[in-house]
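Let's take a walk through a protein together. Have the picture open and turn it around as you read.

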Amino acid sequence: MASKIFLMTLCSLFLKSDASFFEVRYPSVVVSAETGGNLTIAAGPNGGNIYMTPGDRGTVFIGHTDMLKLFEIVNSQPPVWGQKAPYGPLGTFLGGDVVSVQLMAIDPEGTHLRYEKVSGALPPGVYLDKATGKLNGTAPDVDATYEFGIRVVDEQGKYADQTFTIDTRERDQCRSNPCLNGGTCTDDFGTYTCKCTEKYGGKVCNIVCASQAVGVANSVKKIPDAQMAGHYAFGSSDHKAYEGRLGSSTGWIGMDKNSWLQVDLGNVRNVQAVATQGYSATYTLSTYHLDCSVDGNRFTHVSQVNGTAELFTGSGKSYTTSTKQVLAVPQTCRYVRFIPNTWTGTHPGFRVEIYACEL
Ligand SMILES: [Ca+2]
Ligand SMILES: [Ca+2]
């Protein structure tokens with residue numbers, strides 16, 4: 001009660017004055033100066049002290065900051081890089097190697113740390129885990145040194161920077177001899193290429209081209225209808241070029257030796273074998289020429305024996321089975337033409353497949 005009376009007395013003393021410079025409100029106490037004025041709290045000259053004492057659950061704020069926290073920040077120490085993360089090289093990695101390096105720092109106050117890259121460049125494919133300070137990834141396949149600065153920051157915002165390097169070395173991807181069947185390996189950045197010997201194809205030369213159907217056959221139809229063309233066909237719409245697929249229930253029928261059935265492979269390939277099958281007892285194929293073109297304009301006869309144009313053998317009367325012909329010399333073609341030469345029945349009628357590797 002006594003203090004209440006005292007405060008009320010203060011209010012009456014200061015609030016009522018003409019140029020108010022001191023304000024006290026009950027029960028909270030606010031001391032504020034006039035606009036533009038300063039507020040000075042000064043102890044007595046003879047060793048007097050100033051105490052700011054929060055209540056049991058109270059806080060002393062400066063601005064909006066807890067004063068004790070402010071002191072904690074002022075007094076806190078920045079993080080310290082540990083011995084496992086020395087300045088300089090973190091290691092040398094071969095292209096494709098797994099990179100897993102833990103950067104280590106501690107905070108003297110034991111607060112939680114976070115990491116960030118502040119300069120330079122990490123190797124492509126290697127990433128910093130900001131929460132743990134771990135570098136993870138896969139080393140790029142190049143000869144290079146990557147220098148980068150990492151900052152470790154504690155909860156008080158204090159930080160320490162350190163510069164590191166990672167060396168990478170290009171790996172010889174040919175070392176394991178990946179190319180099969182006599183293929184020649186050429187090392188590259190992160191990969192290799194195989195130059196296959198004549199009869200083989202595929203990434204590692206494991207494909208026998210003469211057994212690799214391009215997919216004209218009716219059951220596969222990798223070659224779309226639009227890539228099949230016929231010239232001088234017999235009959236009408238019943239005998240479209242796209243019916244000339246091995247295993248088709250119909251087939252393509254030509255008029256005579258001037259007719260041809262053409263397959264566009266879609267790109268230039270290494271053609272090594274063909275197969276034909278007659279259409280029916282009436283329309284068959286006994287022998288034929290094979291023409292090959294890269295551009296669809298200039299065709300050359302494919303010869304069974306190098307340098308000599310020669311006829312290929314069809315299935316003749318046994319139209320239910322197909323007859324495969326392996327080329328003596330593999331051909332580089334995009335367009336392949338089957339030109340009937342002899343047949344039984346009234347007209348040449350047949351279905352085809354082609355065997356080739358991608359180049
Ligand atoms: Ca600290
Ligand atoms: Ca390499």
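**A sheet, two ions and some salt bridges**

Start with an open sheet of three strands, which run in the order β5-β9-β8 and pair in the antiparallel sense. Before going on, keep in mind that this is a predicted model. At the edges of the sheet sit β5, residues 98-102, and β8, residues 126-129, and each of these pairs on one side only. Neighbouring strands are turned against each other by 15° on average, if you ignore direction.

Zoom in on one pairing. β8 and β9, the latter covering residues 134-138, are joined in the antiparallel sense over four bridges. If you want a spot to look at, find V126: the residue opposite it is G137 in β9.

Now for the metals, beginning with the calcium ion called ligand 1. Which residues hold it? The calcium ion (ligand 1) is coordinated by Q77 through O, by D107 through two OD atoms, by E109 through OE, by D154 through OD and by Q156 through OE1, at 2.2 to 2.9 Å. Along the chain, these donors follow the spacing Q-x29-D-x1-E-x44-D-x1-Q. Two of them link distant parts of the chain: Q77 is in the loop between α2 (67-75) and β3 (80-81), Q156 is in the loop between β10 (144-153) and β11 (159-169), and they are 79 residues apart.

Why is the arrangement around this calcium ion (ligand 1) irregular? The six donor atoms subtend angles of 48 to 174°, whereas an octahedral site would need opposite donors over 155 degrees apart and all others between 65 and 115. The angles reach down to 48°, so the arrangement counts as irregular.

How well covered are those two linked donors? Q77 has a relative accessible area of 42%, so it is partly exposed. Q156, with 15%, is buried, because buried means under 20%.

Move on to the other calcium ion, ligand 2. Its protein donors are D141 (OD), E170 (OE), R171 (O), Q173 (OE1), D187 (two OD atoms) and D188 (O), and they lie 2.2 to 2.9 Å from the ion. Their spacing along the chain reads D-x28-E-R-x1-Q-x13-D-D. D141 lies in the loop between β9 and β10 and E170 in the loop between β11 and β12, so this pair ties together parts that are 29 residues apart in sequence. D141 is buried at 8% relative accessibility, while E170, at 26%, counts as partly exposed.

You have just met R171 as a donor of the calcium ion (ligand 2), and R171 turns up again in a salt bridge. Its partner is D97, with the closest N and O atoms 2.5 Å apart. R171 lies in the loop between β11 and β12 (184-187), and D97 in the loop between β4 (88-94) and β5, so the pair ties together parts 74 residues apart in sequence. R171 is partly exposed at 29%, and D97 is partly exposed at 26%.

How many salt bridges does the structure hold? There are seven. Among them is the one between D161 and R151, whose closest N and O atoms are 2.7 Å apart. D161 lies in strand β11 and R151 in strand β10, so the pair ties together parts ten residues apart in sequence. D161 is partly exposed, at 38%, and R151 is partly exposed, at 22%. Another is formed by E116 and R114, with the closest N and O atoms 3.0 Å apart. E116 counts as partly exposed at 26%, and R114 is partly exposed at 43%.

Notes:
Residues numbered from 1 in each chain as written. Chains lettered and ligands numbered in written order. Predicted model: local features only at pLDDT ≥ 70, side-chain atom pairs only at ≥ 80, totals over all residues. Heavy atoms only, no water. Pairing = 2+ DSSP bridges. Axes fitted to C-alpha atoms, helices over the stretch in contact; angles between N-to-C directions. Donors = N, O, S within 2.8 Å, 3.2 Å for Na, K, Ca; no water. Tetrahedral: all angles 85-135°; square planar, octahedral: opposite > 155°, others 65-115°. Buried < 20%, exposed > 50% of the residue type's maximum accessible area, 1.4 Å probe, protein only. Salt bridge = Lys/Arg side-chain N within 4 Å of Asp/Glu carboxyl O.
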